[in-house]
Amino acid sequence: MFSDILEIWGPPGDVYDQIQALGSLEDKLAYVRALPRCRNGYCHTHGEYCPFQSCSQFRVQGPPCPDFSQAGKRLGAAGPRLPALLAAGAKAERVNAAAIVVENVPLFPLHLAQEAYGPGYAWVRTVQHPSMVGFEFMARPRLLVSTGVCLLLPLSAVTIGELNHTTLD
């Protein structure tokens with residue numbers, strides 16, 4: 001288990017503050033895209049630095065949702081959790097993941113995920129109740145009744161705007 005996801009850009013100390021100090025989403029994206037991407041991060045399981053790359057080609061990520069949640073402050077891309085989303089996209093790109101599921105709230109903006117994860121993926125968006133994807137315990141009325149799931153597929157799995165199911169089998 002890795003430590004701070006911002007480690008994708010090296011020691012995370014100042015990176016967060018530098019991202020937050022920038023005004024527009026475009027400026028933040030330009031800044032993080034120019035940062036070098038590390039191959040290793042501190043792993044709490046092994047007590048040492050381990051490679052981010054693994055044999056898994058399928059990644060499941062859940063960037064923090066309070067900035068987009070009806071229960072949160074709804075700050076969106078101006079919120080304090082944007083650096084974690086940008087780092088998740090940078091990490092997925094760094095390890096060249098073949099497919100990615102991004103779990104978040106239904107109000108999570110698809111365009112922001114597209115920006116954070118880059119142009120190498122085609123998006124399929126579906127909103128599902130948590131119990132439909134194995135999270136039966138999240139169906140309590142005080143919590144969100146649905147979870148937004150965005151599936152990222154490599155462009156090689158897409159033909160003329162439709163999914164090429166033979167590639168995915």
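Student: What is the mean pLDDT of the chain, and what share of its residues reach 70 or more?

Tutor: This is a predicted model, so start with confidence: pLDDT is the predictor's own score for each residue, from 0 to 100. Here the mean over the chain is 76, and 76% of the residues reach 70 or more.

Student: Where in the chain is confidence lowest, and where is it highest?

Tutor: Helix α5 (residues 165–168) sits at the bottom with a mean of 39, while α2 is at the top with 95. Two stretches also deserve a flag. Over residues 139–149 pLDDT stays under 50, and the model has 31 contacts beyond four places in sequence for them. Residues 158–169 stay under 50 as well, with 12 such contacts. Where pLDDT is low, the predicted coordinates should not be read in detail.

Student: Fair enough. How many helices and strands are there in the chain?

Tutor: The chain has 5 helices and 8 strands. Going from the N terminus, the order is α-α-β-β-β-α-β-α-β-β-β-β-α.

Student: And how much of the chain is buried?

Tutor: Of the 169 residues, 36% are buried. The exposed surface comes to about 9,600 Å², with carbon and sulfur atoms supplying 58% of it. As for contacts with a separation of 6 or more, 66% of them join residues 24 or more positions apart.

Student: Let's pick one helix. How do I read α3 (residues 82–94), and what span does it reach?

Tutor: Begin with the general idea: an α-helix has 3.6 residues a turn, so residues three or four places apart point the same way. Then check the length. α3 has 13 residues and reaches 18 Å from its first C-alpha to its last, close to the 18 Å expected at 1.5 Å a residue.

Student: Why is α3 described as largely enclosed by the rest of the structure?

Tutor: Count the residues under 20% relative accessible area, the cut-off for buried. In α3, 10 of the 13 residues are buried, so the helix is largely enclosed by the rest of the structure. Among them are Leu 82, Pro 83, Leu 85, Leu 86 and Lys 91.

Student: What covers the buried residues of α3?

Tutor: The cover includes the helices α1 (15–21), α2 (25–34) and α4 (110–117), along with the strands β3 (58–61), β4 (99–104) and β5 (121–128).

Student: Which way do β3 and β4 run, parallel or antiparallel?

Tutor: They run parallel, joined by 4 bridges. One pairing to look up is Phe 58, whose bridge partner in β4 is Ala 99. Together, β3, α3 and β4 make a right-handed β-α-β unit. β4 has 5 of its 6 residues buried, so this strand too is largely enclosed by the rest of the structure.

Student: What should I look for in the loops?

Tutor: Backbone angles are a good place to go. Most residues other than glycine have a negative phi, and most peptide bonds are trans. Arg 74 has a positive phi of about 55° although it is not a glycine.

Student: Where does Arg 74 lie, and is it buried or exposed?

Tutor: Arg 74 is in the loop between β3 and α3. Its relative accessibility is 56%, so it counts as exposed.

Student: What phi does Asn 96 take, just after α3?

Tutor: Asn 96 has a positive phi of about 55°, and it is not a glycine either. You'll find Asn 96 in the loop between α3 and β4. With a relative accessible area of 57%, Asn 96 is exposed.

Conventions: Residues are numbered from 1 along each chain as its sequence is written. This is a predicted model: local features need pLDDT of at least 70, side-chain atom pairs count only at pLDDT 80 or more; totals for chains, interfaces and linings use all residues. Side-chain values use heavy atoms; hydrogens and water are left out. Helices (H or I, at least four residues) and strands (E, at least two) are DSSP runs, numbered from the N terminus. The expected span of a helix is 1.5 Å times one less than its number of residues. Buried means under 20% relative accessible area, exposed over 50%, partly exposed in between (1.4 Å probe, protein chains only). Contact means heavy atoms within 4.5 Å. Accessible areas come from the Shrake-Rupley method with a 1.4 Å probe; for residues, only the protein chains shown count as cover. Two strands pair if DSSP finds at least two bridges between them. A crossover is right-handed if, with the strands pointing away from the viewer, the path from the first strand over the helix to the second runs clockwise.
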